[in-house]
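Work through the exercises below with the sequence and the structure side by side, and try each task before you read its solution.

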Amino acid sequence: MLIELPPHIEQLVIAKAQSEQLSVIELIEKWASENKKDDVLLTDFFKKQPPIEAFNGIDPVAYQRAMRDEW
């Protein structure tokens, strides 16, 4: 994988890795494993969100289907 970063961000990542005595790869792996607990299924995310006021009294799925049928 190739990730293109602006030079100033690249230098920050390198400096952070060096300060933790890790390679850049090890630092990225560490960040990825630490943030794994934040993964949420999209359906679970929307179940926790308050309903959108624009859909008051309207079934959002039915509305979406109707809009698609117009295409």
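**Exercise 1.** Decide whether Lys 30 is buried, partly exposed or exposed in this predicted model.

*Solution.* Begin with the relative accessible area of Lys 30, which is 31%. Partly exposed residues fall between the cut-offs, with buried meaning under 20% and exposed meaning over 50%, so Lys 30 counts as partly exposed.

**Exercise 2.** Find which side chain meets that of Lys 30 in a salt bridge, and then trace the network to which Lys 30 belongs.

*Solution.* The first step leads to Glu 20, whose side chain meets that of Lys 30 in a salt bridge of 2.6 Å, taken from N to O. This pair links distant parts of the chain, since Glu 20 lies in the loop between α1 and α2 (24-34) while Lys 30 lies in helix α2, ten residues apart. The next step is to look for a further partner of Glu 20, and here the side chain of Lys 16 forms a salt bridge with Glu 20 at 3.0 Å, N to O. Through these shared partners, Lys 16, Glu 20 and Lys 30 are joined into one network.

**Exercise 3.** Classify Lys 16 and Glu 20 by their accessibility.

*Solution.* Lys 16 has a relative accessibility of 37% and therefore counts as partly exposed; Glu 20, at 25%, also counts as partly exposed.

**Exercise 4.** Locate Met 1 and describe the surface patch that contains it.

*Solution.* Met 1 lies in the segment before α1 (7-19), and because its relative accessibility is 95%, Met 1 counts as exposed. Together with Ile 3, Leu 5, Ile 9 and Leu 12, Met 1 forms a nonpolar patch on the surface, with about 570 Å² of accessible area together.

Definitions and conventions. Residues are numbered from 1 along each chain as its sequence is written. This is a predicted model: local features need pLDDT of at least 70, side-chain atom pairs count only at pLDDT 80 or more; totals for chains, interfaces and linings use all residues. Side-chain values use heavy atoms; hydrogens and water are left out. Patches are made of residues with over 30% relative accessible area and no salt bridge: like charges are joined within 9 Å, nonpolar side chains (Val, Leu, Ile, Met, Phe, Trp, Tyr) within 5 Å. Accessible areas come from the Shrake-Rupley method with a 1.4 Å probe; for residues, only the protein chains shown count as cover. A salt bridge is a side-chain nitrogen of Lys or Arg within 4 Å of a carboxyl oxygen of Asp or Glu. Helices (H or I, at least four residues) and strands (E, at least two) are DSSP runs, numbered from the N terminus. Buried means under 20% relative accessible area, exposed over 50%, partly exposed in between (1.4 Å probe, protein chains only).
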